[in-house]
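Here is a set of short exercises to work through with the structure open beside you. Try each task yourself before reading its solution.

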Amino acid sequence: KNQNKNIVTPDKENAVALGTASFKMQQDHPDYPALVMANEILGSGGFLSARLPMRLREKEGISYGVGSYLSVPLSNEVSSWNYYAFLNPTKRDAVEKAIQEEVSKALSSGFTQEELDANKKSYMNQRMTDLGFDEMLISLLNTKLLFGIPLEKFDEQNLKVQNLKLSDVNSALKKYLSQEKLISVFAGDFN
């Protein structure tokens with residue numbers, strides 16, 4: 001059953017699309033690094049390496065900004081894969097179609113080795129850059145204080161990502177994401 005919703009916001013020039021698919025997982029799950037990388041390739045990596053930004057923004061020009069993110073906690077199993085897109089309200093159907101097609105294509109055909117290699121590199125570059133920001137260091141220290149997770153986990157995560165095989169990433173995506181689970185909400189002046 002399709003649970004997608006439209007919220008009409010009269011006289012707004014721009015629109016937004018938000019989507020979510022829920023599943024059970026914590027960050028210490030063995031599939032977590034593979035799912036992180038699947039998300040990178042699908043929508044969280046750069047505009048030149050992630051599928052959703054490449055298609056919707058760079059190729060078709062139907063979104064001002066688009067991406068995806070994971071929400072996987074440390075202390076419970078209430079997790080989700082999420083996407084967002086900012087768009088002209090007249091592009092609503094095109095955006096929905098493109099997102100559905102890219103998710104469907106990733107699920108049916110998987111990713112390529114080239115995509116995995118490129119996104120591993122960009123992911124690692126971002127992780128190293130993040131260490132230069134106070135917010136990241138504070139976050140790592142808070143995680144240690146609140147959950148007892150040692151600072152070395154940061155490097156362990158990096159190593160796990162670097163050691164991922166393409167089959168790990170493709171199977172993690174199929175295991176946790178499906179079109180049936182994906183609920184989308186579109187807000188804008190669609191009249």
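At 29% relative accessibility, Ile183 counts as partly exposed. Keep in mind throughout that this is a predicted model.

**Exercise 1. Find where Ile183 sits and which residues it touches.**

Step 1. Start with the element: Ile183 belongs to strand β5, which covers residues 183-188.

Step 2. Apply the cut-offs for exposure. Buried means under 20% relative accessible area and exposed means over 50%, so the 29% of Ile183 puts this residue in the partly exposed class.

Step 3. List the contacts, leaving out residues up to four places away in sequence. Ile183 touches Gln3, Asn4, Leu18, Gly19 and Thr20.

Step 4. Check one of these partners by distance. Leu18 and Ile183 are 165 residues apart in sequence, yet their C-alpha atoms are 8.4 Å apart in space.

**Exercise 2. Decide how α1 and α6 are oriented to each other, and name the residues that meet.**

Step 1. Locate the helices: α1 spans residues 32-44 and α6 spans residues 152-162. Their axes come within 9 Å and cross at roughly 70 degrees.

Step 2. Classify the angle. Values from 65 to 115 degrees count as roughly perpendicular, and α1 and α6 are therefore roughly perpendicular to each other. Their crossing is right-handed.

Step 3. Look at the contact. From α1 come Tyr32, Pro33, Val36 and Met37, and they meet Gln157, Lys160 and Val161 of α6.

Step 4. Sort these residues by class: 5 are nonpolar, 1 is polar and 1 is charged.

**Exercise 3. Do the same for α4 and α6: which way do they run relative to each other?**

Step 1. Take the geometry. The two helices pack at an angle of about 170 degrees, with their axes 10 Å apart.

Step 2. Angles over 145 degrees count as roughly antiparallel, and α4 and α6 are therefore roughly antiparallel to each other.

Step 3. Name the partners. Lys120, Tyr123, Met124, Arg127 and Met128 of α4 make the contact with Phe154, Gln157, Asn158, Val161 and Gln162 of α6.

Step 4. By class, this contact divides into 5 nonpolar, 3 polar and 2 charged residues.

**Exercise 4. Describe the packing of α1 with α2, then follow the buried residues of α2.**

Step 1. The axes of α1 and α2 are 4 Å apart, and the packing angle is about 5 degrees. The two helices are therefore roughly parallel to each other.

Step 2. On the α1 side the contact uses Ile41, Leu42 and Gly43, and on the α2 side Arg51, Leu52 and Pro53. These comprise 4 nonpolar, 1 polar and 1 charged residues.

Step 3. Now turn to burial. Arg51, Leu52, Pro53, Arg55 and Leu56 are buried in α2. Their cover includes α1, β3, β4, α3 and α4.

Step 4. Look just past the end of the helix, where Gly61 has a positive phi of about 65 degrees.

**Exercise 5. Place Leu42 in its surroundings: is this residue buried or exposed?**

Step 1. Leu42 is in helix α1, and its relative accessibility of 0% means that it counts as buried.

Step 2. Its contacts beyond four places in sequence include Trp81, Val103, Ala106, Phe111 and Leu173.

Step 3. Set this beside the largest nonpolar core, which has 42 residues; Trp81 and Phe111 have the most contacts inside it. β2, α1, α2, β4, α3, α4 and α7 each supply at least two residues of this core, and α1 gives the most, with 8 residues.

**Exercise 6. Compare two loop residues, Asp11 and Pro89.**

Step 1. Asp11 is in the loop between β1 and β2, while Pro89 is in the loop between β4 and α3.

Step 2. Asp11 has a relative accessible area of 72% and is therefore exposed. Pro89, at 11%, counts as buried.

Step 3. Check the backbone of Asp11: its phi is near 70 degrees, a positive value in a residue other than glycine. For context, most residues other than glycine have a negative phi.

Step 4. Finish with the partners of Pro89. Beyond its neighbours within four places in sequence, Pro89 is in contact with Lys12, Glu13, Asn14, Ala15, Asp189 and Phe190.

Conventions: Residues are numbered from 1 along each chain as its sequence is written. This is a predicted model: local features need pLDDT of at least 70, side-chain atom pairs count only at pLDDT 80 or more; totals for chains, interfaces and linings use all residues. Side-chain values use heavy atoms; hydrogens and water are left out. Axes are lines fitted to C-alpha atoms, for helices over the stretch in contact, and angles run from 0 to 180 degrees between N-to-C directions. Angles under 35 degrees count as roughly parallel, over 145 as roughly antiparallel, 65 to 115 as roughly perpendicular and the rest as oblique. A crossing is left-handed if the near helix is turned anticlockwise from the far one by less than a right angle, and right-handed if clockwise. Contact means heavy atoms within 4.5 Å. Ala, Val, Leu, Ile, Met, Phe, Trp, Tyr, Cys and Pro count as nonpolar, Asp, Glu, Lys and Arg as charged, and the others, Gly among them, as polar. A nonpolar core is a set of buried Ala, Val, Leu, Ile, Met, Phe, Trp, Tyr and Cys residues joined through side-chain atoms within 4.5 Å. Buried means under 20% relative accessible area, exposed over 50%, partly exposed in between (1.4 Å probe, protein chains only).
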